[in-house]
Amino acid sequence: MGKLTTHILDTARGCPGAEIPIRVFRDGQLIKETRSNADGRCDEPLIDGQDFTAGLHEIEFRVASYFADLTDPSKPPFLDRITLTVTLSDDAHYHVPLLVSPWSYSTYRGS
């Protein structure tokens, strides 16, 4: 069975991105809502087992409140919701890390 996992690394502070809300959508429908733990990971896969199906998925990371203390409180955050659109095509382990700062982000398919 395939699975989808993630973790969040705060590149501004050099630490895990803890307590960041994460939502996963398939075909526009919300299928999972969770939050990163103290290690920047989720306590369980975003998708696995019978819930894993091939197709287009969106992973939404809500980072605005996480970075609120690093930016000017009188201005809205530069990044708010980061949405990554990924295609799952087989029963593999898809690991999608998010490297993020208050002003930028990057991702890759991890292992």
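The exercises below work through strand pairing, salt bridges, backbone angles and burial in a predicted model.

Residues are numbered from 1 along each chain as its sequence is written, and side-chain values use heavy atoms, with hydrogens and water left out. Because the model is predicted, local features need pLDDT of at least 70 and side-chain atom pairs count only at pLDDT 80 or more, while totals for chains, interfaces and linings use all residues.

**Exercise 1. Strand 3 and its partners**

Task: Work out which strands pair with strand 3, and in what sense.

Solution: Strands are DSSP runs of E with at least two residues, numbered from the N terminus, and two strands pair if DSSP finds at least two bridges between them.

- Step 1. Strand 3 (residues 21–26) pairs with strand 4 (residues 29–35) in the antiparallel sense, over 6 bridges, and in this pairing Val24 stands opposite Lys32.
- Step 2. Strand 3 also runs antiparallel to strand 6, to which 5 bridges join it, with Arg23 standing opposite Glu60.
- Step 3. To follow the pairing onward, take strand 6, which pairs with strand 7 in the antiparallel sense over 8 bridges; here Gly55 stands opposite Leu88 in strand 7.

**Exercise 2. The turn and positive phi**

Task: Identify what lies between strand 3 and strand 4, and locate the residues Glu19 and Asp27.

Solution: Accessibility is classed by relative accessible area, with buried meaning under 20%, exposed over 50% and partly exposed in between, for a 1.4 Å probe and protein chains only.

- Step 1. Strand 3 and strand 4 form a hairpin with 2 residues between them, and Asp27 in the turn has a positive phi of about 55°.
- Step 2. Asp27 is exposed, because its relative accessible area is 67%.
- Step 3. Glu19, which is a residue other than glycine, has a positive phi near 60°; its place is in the loop between strand 2 (15–16) and strand 3.
- Step 4. With a relative accessible area of 46%, Glu19 is partly exposed.

**Exercise 3. Salt bridges**

Task: Examine the salt bridges formed by Arg13, Arg23 and Glu44, and decide whether the partners are buried or exposed.

Solution: A salt bridge is a side-chain nitrogen of Lys or Arg within 4 Å of a carboxyl oxygen of Asp or Glu, and a search of the whole structure finds 6 of them.

- Step 1. Arg13 bridges to Asp10, with the closest N and O atoms 3.5 Å apart; Arg13 is partly exposed at 34% relative accessibility, whereas Asp10 is buried at 1%.
- Step 2. Arg23 forms a salt bridge with Glu60, where the closest N and O atoms are 2.9 Å apart. This pair links distant parts of the chain, since Arg23 belongs to strand 3 and Glu60 to strand 6 (residues 55–62), 37 residues apart.
- Step 3. Glu60 counts as buried, at 8% relative accessibility.
- Step 4. Glu44 forms a salt bridge with Lys32, the closest N and O atoms being 2.4 Å apart. Glu44 lies in the loop between strand 4 and strand 5 (47–48) and Lys32 lies in strand 4, so the pair ties together parts that are 12 residues apart in sequence.
- Step 5. Glu44 is partly exposed at 49% relative accessibility, while Lys32 is buried at 16%.
- Step 6. Salt bridges that share partners join Arg23, Glu60 and Arg62 into one network.

**Exercise 4. A buried arginine without a salt bridge**

Task: Describe the surroundings of Arg26, which is found in strand 3.

Solution: For charge, Lys and Arg count as positive and Asp and Glu as negative, while His and the chain ends are not counted.

- Step 1. Arg26 is buried yet has no salt bridge, and the nearest side chain of opposite charge, that of Asp27, is 5.2 Å away.
- Step 2. A polar contact is a pair of N or O atoms within 3.5 Å; within protein, one must be able to donate a hydrogen and the other to accept it, and residues adjacent in sequence count only if both atoms are side-chain atoms. The Arg26 side chain makes such a contact with the side chain of Thr53 at 3.1 Å, and another, of 3.3 Å, with that of His57.
- Step 3. Contact means heavy atoms within 4.5 Å; leaving out residues up to four places away in sequence, Arg26 touches Ile31, Asp51, Thr53, Leu56 and His57.

How values were computed:
Helices (H or I, at least four residues) and strands (E, at least two) are DSSP runs, numbered from the N terminus.
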